Amino acid sequence: MRAYLLICAVISLSLQAQTDSDMNNNAAALMNSGQYEKALPLLEELVSQYPENTMYRHNRAVSYFNLKKYAEALNDYLILNRAMPDYAEYYFQTGNLYETMDSLDKVEYYYNKALARESENFMYYFKRGTFYLKTEQYGKAIMDFTNSIMI
């Protein structure tokens, strides 16, 4: 009887993993075709089941961003920054969201965090340069635009 229950549990876990994988693949296909509204319920379900899975949360944040649900996307990126503090892209996206939301007091901090982790990414310099341009910090903007070209 125990062997039967163990086999049933293993089969159940295997089926669940396949279902989750299918759900993620379907969400990714929808995102790739620009159907973020349709991908979002799948990703919300995956994040609710597996809140520690950074890929699901990142995909949800991307979907939120593309649907102009910036506060929701920002919340996901802030969680991702805590979960993966050495991953530059999440800091960059956080800065980008703050800039999009015109919370300019936080933009430079997050772009700087991204660049501290990945100093050879031309886009990070370029986006920080556009922020400096927007905030009339022309000397810093020129330096960042120059760095983005030199990389």
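Y124 touches A88, E89, F92, A114, L115 and E118, leaving out residues up to four places away in sequence. The model that shows these contacts is predicted. Y124 belongs to the largest nonpolar core, which has 23 residues, and together with Y77 and A114 it touches the most other members. The protein around this core has eight helices and zero strands.

**Largest core**

- Helix 3 (54-66), helix 4 (70-83), helix 5 (88-100), helix 6 (104-117) and helix 7 are the elements that each give two or more residues to the 23-residue core.
- Helix 5 supplies the largest share of this core, with six residues.
- Another core, of 10 residues, lies apart from the largest one, and its members include L30, M31, Y36 and Y56.

**Overall make-up**

- Read from the N terminus, the order of elements is α-α-α-α-α-α-α-α.
- The protein has 151 residues, and 34% of them count as buried.
- Contacts between residues at least 24 apart make up 40% of those that join residues at least 6 apart in sequence.
- The exposed area of the protein is about 8900 Å², and 58% of it comes from carbon and sulfur atoms.

**Helix 2**

- Helix 2 covers residues 36-49, 14 residues in total.
- From first C-alpha to last, helix 2 reaches 20 Å, close to the 20 Å expected at 1.5 Å a residue.
- Which residues of helix 2 are buried? They are Y36, A39, L40, L43, L46 and V47.
- An α-helix has 3.6 residues a turn, so residues three or four places apart point the same way.
- Y36, one of the buried residues of helix 2, is also among the members of the 10-residue core.

**Helices 7 and 8**

- F122 is found in helix 7, which spans residues 122-134.
- Is F122 buried or partly exposed? F122 counts as partly exposed because its relative accessibility is 45%, between the cut-offs of 20% for buried and 50% for exposed.
- F122 forms a nonpolar surface patch with M123, F126 and I151, and the four have about 350 Å² of accessible area together.
- D144 lies in helix 8, residues 138-150.
- D144 has a relative accessible area of 2% and is therefore buried, the cut-off being under 20%.
- With its neighbours within four places in sequence set aside, D144 is in contact with Y125, R128, G129 and Y132.

**Loops with positive phi**

- Most residues other than glycine have a negative phi.
- K68 is not a glycine, yet its phi is positive, at about 65°.
- Where is K68? K68 sits in the loop between helix 3 and helix 4.
- K68 has a relative accessible area of 61%, so it counts as exposed, for which the cut-off is over 50%.
- D102, also a residue other than glycine, has a positive phi near 60°.
- The loop that holds D102 lies between helix 5 and helix 6.
- D102 is exposed because its relative accessibility is 56%.

Conventions:
Residues are numbered from 1 along each chain as its sequence is written. This is a predicted model: local features need pLDDT of at least 70, side-chain atom pairs count only at pLDDT 80 or more; totals for chains, interfaces and linings use all residues. Side-chain values use heavy atoms; hydrogens and water are left out. Helices (H or I, at least four residues) and strands (E, at least two) are DSSP runs, numbered from the N terminus. The expected span of a helix is 1.5 Å times one less than its number of residues. Buried means under 20% relative accessible area, exposed over 50%, partly exposed in between (1.4 Å probe, protein chains only). Contact means heavy atoms within 4.5 Å. Accessible areas come from the Shrake-Rupley method with a 1.4 Å probe; for residues, only the protein chains shown count as cover. Patches are made of residues with over 30% relative accessible area and no salt bridge: like charges are joined within 9 Å, nonpolar side chains (Val, Leu, Ile, Met, Phe, Trp, Tyr) within 5 Å. A salt bridge is a side-chain nitrogen of Lys or Arg within 4 Å of a carboxyl oxygen of Asp or Glu. A nonpolar core is a set of buried Ala, Val, Leu, Ile, Met, Phe, Trp, Tyr and Cys residues joined through side-chain atoms within 4.5 Å.
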